[in-house]
Amino acid sequence: LDFEEGDSYELEVQGRDGGGLSDTAKVTVTVTDINDNPPVISVRSALSEISEDSPSGTVVALLHVQDRDSGANGDVRCSLDEDVPFRLQSSHGSYYSVVTARELDREQVSEYNVTVRAADGGSPSLQSSAVLALRVLDVNDNAPVFAEERYSARVAENNAAGALVLTVRATDADWGQNARVRYRLSEGRVRGAALSSYVSVQAETGALYALRSLDYEQVRELRLWVRAEDGGAPALSSNVSVLLQIVDENDNAPQVLYPPAAPPGSGSGSVWGAAWSGVELAPRCAADEAAAPGEPAGSLTRWLVLAVAAVSCLFLAFLLLLLALRLRRWRRRQLLPPAGAALRGVPVSHFVGIDGVRAFLQSYSHDVSLTADSRKSQLRFSASASCCDTLPARPLPDEPAVLLGDE
């Protein structure tokens, strides 16, 4: 019997004996359901591709789930895997929809195989499943990324034009045209000339080439920016700094700046002795010959030593002159008495007058020369008189007497 085909049956039973008598009875047979049918999942509609920038809640598929059993055996529960960005929503009755639970990222997962599982409530429970294949479409949401944060290279000067300097590389996590990277130089100038006249970058490979022969004496280094741009719409780009250091080579011979070169016609073997008589020419050593053939390397060193010696002598002479001036000033202070010391012992009684000019007694002839706060005050007495007889020594007063007028 199959409960899903018929859940009950009615029978009519007749009993007859040998004498021809009979009787009838009705028999009803009821079929009890058992859990013998698994749930059935029907995919009514589904997407095979979805853009990675689709908003959350986008419907991916519409499902219908049913179980032919009855009662608890026909109760169905649906579920999805836990590690997928999708969820189930009950639409109406036994219909379900699969929607996105969050934004998708093609760079992390480009394809999904979403498994929908349905289980009934029987014991033991029966299950069934359906798989939804979904491919995530790319959008240009990733800018190119360089392999290094900054690039640097050393280039020997006098390089050949078109020489390969270095190669920059950038990758784009997007797909297809969005991941196609092209390189170009940012605008700049070097010594008044366009940067593009010195170096160039190959658009497809990122190789940097020197377009001219570089000279260390003119340009020590080149700083430039390389831009990587993808093929999306709109395009995304990123920049990286590149430092090119020019390496010096021994390509310049020494030049004699002093003494000047001999005038034409003076002879290659003669020394310009008229201007340099008395200058000793030092013999050249083997090291100088090997370092710079035909150039007087030792003479330059000799001139440098002479210049240092001359500066040292001038500095020493300046120190001696300064010391002599200091000694002279100190000696002058020791010889000259302080201001007012020459008249300190003169008594007040030798001066007369209070309103006019006070003078010494007429019996003495003298000159007085005074300046305020001067260390050069002088007092001269005549030859006929003695300072000792004229100005007798007396104890110093408490305060010096006023010579000329009131203050």
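Here is a short tour of this predicted model, from the whole chain down to a single residue.

**The chain as a whole**

Let's start with the big picture. The chain has 407 residues, and 24% of them count as buried. Its secondary structure comes as three helices and 23 strands. Take the contacts in the chain with a separation of 6 or more: 60% of them are made by residues 24 or more positions apart. As for the surface, the chain exposes about 28,200 Å², and 53% of that is supplied by carbon and sulfur atoms.

**A stretch with a label**

One part of the chain carries a note from a database. An unreviewed UniProt entry lists residues 303-325 under "transmembrane region". What does the model show over residues 303-325? The chain there is 100% helix and 0% strand, and the C-alpha atoms at the two ends lie 33 Å apart.

**Strands side by side**

Now for some of the strands. The table gathers four pairs of them, with the way they run and how many bridges join them.

| Strand | Partner | Sense | Bridges |
|---|---|---|---|
| β3 (residues 40-46) | β5 (residues 59-66) | antiparallel | six bridges |
| β5 | β8 (residues 95-100) | antiparallel | five bridges |
| β7 (residues 86-92) | β8 | antiparallel | six bridges |
| β9 (residues 111-120) | β10 (residues 127-137) | antiparallel | nine bridges |

Follow the table downwards and you can walk from strand to strand: β3 pairs with β5, β5 with β8, and β8 with β7. Leu62 is a handy place to see this. Ser45 stands opposite Leu62 in β5, while in β8 the bridge partner of Leu62 is Ser97. A little further along, His64 stands opposite Tyr95 in β8.

The strands β7 and β8 form a hairpin with two residues between them. In that hairpin, Gly93 takes a positive phi near 60 degrees. Elsewhere along this pair, Phe86 has Thr100 of β8 as its bridge partner.

How much of β8 is buried? Five of its six residues are, so β8 is largely enclosed by the rest of the structure.

**Zooming in on Thr100**

Thr100 deserves a closer look. This residue sits in strand β8. Is Thr100 buried or exposed? Its relative accessibility is 1%, and buried means under 20%, so Thr100 counts as buried. Which residues does Thr100 touch, once its neighbours within four places in sequence are left aside? The list is Ile50, Pro55, Ser56, Gly57, Thr58, Val60, Pro85, Phe86 and Arg87. Phe86 in that list is also the residue that has Thr100 as its bridge partner.

**An open sheet of four**

Last comes a sheet made of four strands. It is open, with the order β4-β10-β9-β6 and mixed pairing. Its edge strands are β4 (49-51) and β6 (76-80), each of which pairs on one side only. On average, neighbouring strands of this sheet are turned by 30 degrees against each other, with direction ignored. Inside the sheet order, β10 and β9 stand next to each other, and these two are the pair joined by nine bridges in the table. Within this pair, Tyr112 has Leu134 in β10 as its bridge partner.

Terms used: Residues are numbered from 1 along each chain as its sequence is written. This is a predicted model: local features need pLDDT of at least 70, side-chain atom pairs count only at pLDDT 80 or more; totals for chains, interfaces and linings use all residues. Side-chain values use heavy atoms; hydrogens and water are left out. Two strands pair if DSSP finds at least two bridges between them. UniProt positions are given in the numbering used here, feature names are shortened, and annotations may be inferred rather than shown by experiment. Buried means under 20% relative accessible area, exposed over 50%, partly exposed in between (1.4 Å probe, protein chains only). Contact means heavy atoms within 4.5 Å. Accessible areas come from the Shrake-Rupley method with a 1.4 Å probe; for residues, only the protein chains shown count as cover. Axes are lines fitted to C-alpha atoms, for helices over the stretch in contact, and angles run from 0 to 180 degrees between N-to-C directions.
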